[in-house]
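Biologist: Hello, I am new to this one and would like to know how its labels are earned. Could you show me the structure and take me through them?

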Amino acid sequence: MTTPTTVNTAGTGISNWWYSQPPITRAYAAAIFIFTFVSKFQPGVLNLLFLNWGLVLKKYQIWRVATCFCFAGKFSFSWLIKIIWLLSYGGNVESQTYRFVPAKYLMLLLFGMATSLLISFIASRFGFSMYFLAEAIIYMLLYTWSREFPDMQVSIYGLFKVLSFYVPFIFIGLDMIIGGGISAESIVGLFVGHLHYFLTVLRPAMGRRDWLIPPSFLVNILAAQGIGRSAVPPPEAGSTAATGGFRAFHGQGRRLAD
């Protein structure tokens, strides 16, 4: 008897596709979509979202340092491409590179956001403003993916193929040709992506310490949400693990003639 095929058993449909995305990337993409959707019908809400260091520091509108990462432009073909990049390249990094340690992926995002904010703050001191930084995070993820999977053949809009190592620079070049310029956010994203790659891959390869190891509490927060495993607590003092393993005899030992 043949079992009837349903949407669930076939694994098709938008819902199945959406929930097949890695959870952290999916949550971030959902946040961008929600803020973009709301701004379409309430354009004035963007005034509450954009990054303005004067309002952050003088009016204590602290939420802006988070909401500026949740808007990637209005609904458009360009917006759709960015979301596809986020889900494809960012999702690939989360599900493969950090498959067993998703907290490292979250650390990547937090590091990217913190560093992008710092760059934005420094730029604002020289009169240059970056109001929304979601594009910086997307380009950072694109750069990270290109370094983690450098030898893949990637089709660029079906026109030609290149090694994935060069994809971020190809996309920036296409933006310059098609859009007439290069956004500062994309350059910031590439810089932050390379800085993270240096600190977590190149520097440890030289025998140096990795400064971006996720803390245990972050690992446990994700584990409580069903994302990854909880951190293993360090062995207590006096335990067999802390004293170098099991030992049957703990005496000092004496010679027979003593």
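Modeller: Gladly; we will go from the whole chain to single residues, and then to a pair, a patch and a pocket.

Modeller: First, this is a predicted model, where local features need pLDDT of at least 70 and side-chain atom pairs count only at pLDDT 80 or more, while totals for chains, interfaces and linings use all residues. Residues are numbered from 1 along each chain as its sequence is written, and side-chain values use heavy atoms, with hydrogens and water left out.

Biologist: Thanks! What makes up the secondary structure of the chain?

Modeller: There are eleven helices and two strands. Both kinds are DSSP runs numbered from the N terminus: helices are H or I with at least four residues, and strands are E with at least two. Along the sequence the pattern reads α-α-α-α-α-α-α-α-β-β-α-α-α.

Biologist: Why is Gly193 called buried?

Modeller: Buried means under 20% relative accessible area, exposed means over 50%, and partly exposed is in between, with a 1.4 Å probe and protein chains only. Gly193 has a relative accessible area of 0%, so Gly193 is buried. You will find Gly193 in helix 10 (residues 184-205). Its C-alpha is 7.7 Å from that of Tyr139, although the two are 54 residues apart in sequence. Over the whole chain of 258 residues, buried ones make up 39%.

Biologist: And how do you know whether Ser146 is buried or exposed?

Modeller: The value for Ser146 is 0% relative accessibility, so Ser146 counts as buried. Ser146 belongs to helix 8, and its C-alpha is separated by 7.2 Å from that of Tyr166, 20 residues away along the chain.

Biologist: Why does Pro150 count as partly exposed?

Modeller: Pro150 has 26% relative accessibility, so the label is partly exposed. Pro150 sits in the loop between helix 8 and strand 1 (153-156). Pro150 and Ser164 are 14 residues apart in sequence, with 5.1 Å from C-alpha to C-alpha.

Biologist: What makes Trp211 exposed?

Modeller: Its relative accessibility is 55%, so Trp211 counts as exposed. Trp211 is in the loop between helix 10 and helix 11 (216-224). Tyr60 is exposed too, with a relative accessible area of 62%. Tyr60 lies in the loop between helix 4 (53-58) and helix 5 (64-67), and has a positive phi of about 60 degrees although it is not a glycine.

Biologist: Why is the contact between Glu135 and Lys82 called a salt bridge?

Modeller: Side chains of opposite charge can pair when their charged atoms come close. A salt bridge is a side-chain nitrogen of Lys or Arg within 4 Å of a carboxyl oxygen of Asp or Glu. For Glu135 and Lys82 the N to O distance is 3.6 Å, so the pair fits the definition. Glu135 lies in helix 8 and Lys82 in helix 6, so the pair ties together parts 53 residues apart in sequence. Both Glu135 and Lys82 are buried, and the structure holds one salt bridge.

Biologist: Which residues form the nonpolar patch on the surface?

Modeller: Phe33, Ile34, Phe37, Val38, Phe41 and Phe75 do, with about 560 Å² of accessible area together. Patches take residues with over 30% relative accessible area and no salt bridge, joining like charges within 9 Å and nonpolar side chains (Val, Leu, Ile, Met, Phe, Trp, Tyr) within 5 Å. Areas come from the Shrake-Rupley method with a 1.4 Å probe; for residues, only the protein chains shown count as cover. Phe33, in helix 3 (residues 23-41), is partly exposed at 41%.

Biologist: Last one: what volume does the largest pocket have?

Modeller: It is about 310 Å³. Among its 15 lining residues, Ser78, Ile81, Tyr157, Asp175 and Ile178 are the closest to the centre. Helix 6 (77-97), helix 8 (134-148) and helix 9 (167-179) each give two or more residues to the lining. On a 1 Å grid over the protein atoms alone, a pocket is an open set of points where a 1.4 Å probe fits, with protein on both sides within 12 Å along at least five of seven lines; lining residues have an atom within 4 Å of a point. Volume is the space filled by probe spheres set on the points, which are joined across faces, edges and corners.
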